[in-house]
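Here are my notes on the model you sent over, point by point. Have the structure open while you read.

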Amino acid sequence: MLAFDSIPDHDRGEGRSGALRDLKVAGRRRTVLKAAVLGALTIGAAALTPPRRVRAETGPNALTGWDRNDCRDAYPSGYAEDPDTGGEFVNTYAACWAGGWRSSEFCEAGWHKFGTAVVGDVHVDHTPIATMCGTTTTKNAWRWTTPDGNVYRCSDGFSTYWGGGQTGQTYLTICRARV
């Protein structure tokens, strides 16, 4: 046990303690004081630095998304996820919900596609929207964390199909992209 009277008394010439004898550099009180002040300043600066603020995501076409990874900002009561209907994550934990179709195939650069795509003899017009996601305020996308810890963005859009037996049917489609 460390006792106060076991600390060497420098004023009586008892020299350095056993812990300091092997040091090659002679410690001075001024050096110790500088180290203590530097440590205190570092801790103080870290404590005073404000935390980074979360900013709303903005995707292509200036559509915004919700920030949180549990969707509680868009849907305070949460939601029951629906499995993907196609694409890269069809056999993984569900993340998005709603929409007639949920798939990574509706994504471009992590957000819902915009523009016309040709799939075989079918033309598909993709339009991202910001009118469905949320209970009071709506945005284009939200984030969801699956039980395995992966975070996905679910981005809303409408997809209209022409040709190949389709005559302009429009569906709410959800892009699911890993964030």
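1. Start with the charged pair: R176 makes a salt bridge with D84, and the closest N and O atoms are 3.1 Å apart. R176 belongs to strand β10 (residues 166–178), while D84 sits in the loop between β2 and β3, so the pair ties together parts that are 92 residues apart in sequence. Bear in mind that this is a predicted model. The count of salt bridges comes to one.

2. Are the two partners buried or exposed? R176 has a relative accessibility of 1%, so R176 counts as buried. D84 has a relative accessible area of 6%, so D84 is buried too, the cut-off being under 20%. As background, side chains of opposite charge can pair when their charged atoms come close.

3. On the overall layout, the secondary structure comes to one helix and 10 strands. Along the sequence the pattern reads α-β-β-β-β-β-β-β-β-β-β, with the helix at the start. Of the 179 residues, 30% count as buried. If you look at contacts between residues at least 6 apart in sequence, 52% of them join residues at least 24 apart. The accessible surface is about 11900 Å², and carbon and sulfur atoms hold 58% of that.

4. Now the second largest pocket, which has a volume of about 160 Å³. Its lining consists of T85, G86, W101, S103, E105, F106, K113, A117, V119, V124, H126 and Y161. The elements that contribute two or more residues to this lining are β3 (101–103), β6 (115–119) and β7 (122–128). By type, the lining divides into six nonpolar, four polar and two charged residues. If you want the charged ones by name, look at E105 and K113 in the lining.

5. There is also enclosed space to check: the count comes to one cavity of 30 Å³ or more. That cavity holds about 30 Å³. Which residues line the largest cavity? They are P60, N61, L63, W111, H112, P128, N140 and S155. This lining splits into four nonpolar and four polar residues, with no charged ones.

6. Two alanines deserve a look at their backbone angles. Most residues other than glycine have a negative phi. A98 is not a glycine, yet A98 has a positive phi of about 70 degrees. A98 lies in the loop between β2 (64–65) and β3, and its relative accessibility is 26%, so A98 counts as partly exposed.

7. The other alanine is A109, again not a glycine, with a positive phi of about 60 degrees. Where does A109 lie? A109 is in the loop between β4 (107–108) and β5 (111–112). With a relative accessibility of 72%, A109 counts as exposed, because the cut-off for that class is over 50%.

8. Last, have a look at T138, in the loop between β7 and β8 (141–145). How many residues separate T138 from W66 in sequence? The two are 72 residues apart in sequence, and 9.0 Å apart in space, C-alpha to C-alpha. T138 has a relative accessibility of 33%, so T138 counts as partly exposed.

Technical notes. Residues numbered from 1 in each chain as written. Predicted model: local features only at pLDDT ≥ 70, side-chain atom pairs only at ≥ 80, totals over all residues. Heavy atoms only, no water. 1 Å grid on protein atoms, 1.4 Å probe; cavity = no way out; pocket = protein on both sides within 12 Å on 5 of 7 lines; lining within 4 Å. Points joined across faces, edges and corners; volume = space filled by probe spheres on them. Helix = DSSP H or I, 4+ residues; strand = E, 2+ residues; numbered from the N terminus. Buried < 20%, exposed > 50% of the residue type's maximum accessible area, 1.4 Å probe, protein only. Contact = heavy atoms within 4.5 Å. Areas by Shrake-Rupley, 256 points an atom, 1.4 Å probe, with all protein chains shown as cover. Salt bridge = Lys/Arg side-chain N within 4 Å of Asp/Glu carboxyl O.
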